[in-house]
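Visitor: Could you take me through one part of this protein, slowly and closely? I would like to hear about the backbone there and how it fits into the whole.

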Amino acid sequence: MRLAPLAVLAVAAASAAVLAAPAPVTRAVAALNPLGSSGISGSVVFTKVEGGVRVQGKLSGLKEGAHGFHVHEFGDCSAPDGASAGGHFNPTGEPHAGPHDASRHTGDMGNITAAADGTAAVDYVDPRLAFEGANSILGRGVIVHVNPDDLKTQPTGNAGGRVACGVIGAAKPE
């Protein structure tokens, strides 16, 4: 059976559309690099799970203690002080708070705590983060701050300067 030329074009166009449609993102990663001379580096992996997005990360080079840890509005780490990443990601206009508070910035991930050797790890599920819609974190920045986030001071938690920055990008499917 031979198809008419227009039918062949329609089949080809439909096939191309199916092939070109990107798979939904279920995993993303941010490689964190030092800002200034902080020496801090690491990575954060975001994985879609039931109940939200699992946040898993490992960092090194931190001063012992707690450090503010947030998703910022822009995936731009070009400024030496990280200011190009903008403020906390807050698409719903809510107040700054902790990661488990009902009313908070989407980007409020609380603190990451470093041991005496300067390493820190995080692993929790965040119900607010997403890979699509208004709360999508794709293309946004992850910032680590020099001081702890007090989880209440508006609008930033009084976490001080920025010491590491990374851009959240879609990860290769597993």
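Guide: Let's settle on the loop between strand 7 and strand 8, where L151 sits. Please keep in mind that this is a predicted model. The loop is flanked by strand 7 at 141-145 and strand 8 at 162-170.

Start with the backbone at L151: its phi is near 65°, a positive value in a residue other than glycine. Most residues other than glycine have a negative phi, and most peptide bonds are trans. As for its surroundings, L151 is partly exposed, with a relative accessible area of 33%, a value that falls between the 20% limit for buried and the 50% limit for exposed.

Moving along, you come to the peptide bond from Q154 to P155, which is cis, with omega near 0°. P155 also belongs to the loop between strand 7 and strand 8.

Then look at N158, again in the loop between strand 7 and strand 8. N158 is not a glycine, yet its phi is positive, about 55°. With a relative accessible area of 53%, N158 counts as exposed, because the cut-off for that word is over 50%.

Now step back to the whole chain. The protein has one helix and eight strands, and from the N terminus on the order is α-β-β-β-β-β-β-β-β. Of its 174 residues, 39% count as buried. Among contacts with a separation of 6 or more, 61% come from residues 24 or more positions apart. The protein exposes about 8,900 Å², and carbon and sulfur atoms supply 60% of that area.

How values were computed. Residues are numbered from 1 along each chain as its sequence is written. This is a predicted model: local features need pLDDT of at least 70, side-chain atom pairs count only at pLDDT 80 or more; totals for chains, interfaces and linings use all residues. Side-chain values use heavy atoms; hydrogens and water are left out. Helices (H or I, at least four residues) and strands (E, at least two) are DSSP runs, numbered from the N terminus. Buried means under 20% relative accessible area, exposed over 50%, partly exposed in between (1.4 Å probe, protein chains only). Contact means heavy atoms within 4.5 Å. Accessible areas come from the Shrake-Rupley method with a 1.4 Å probe; for residues, only the protein chains shown count as cover.
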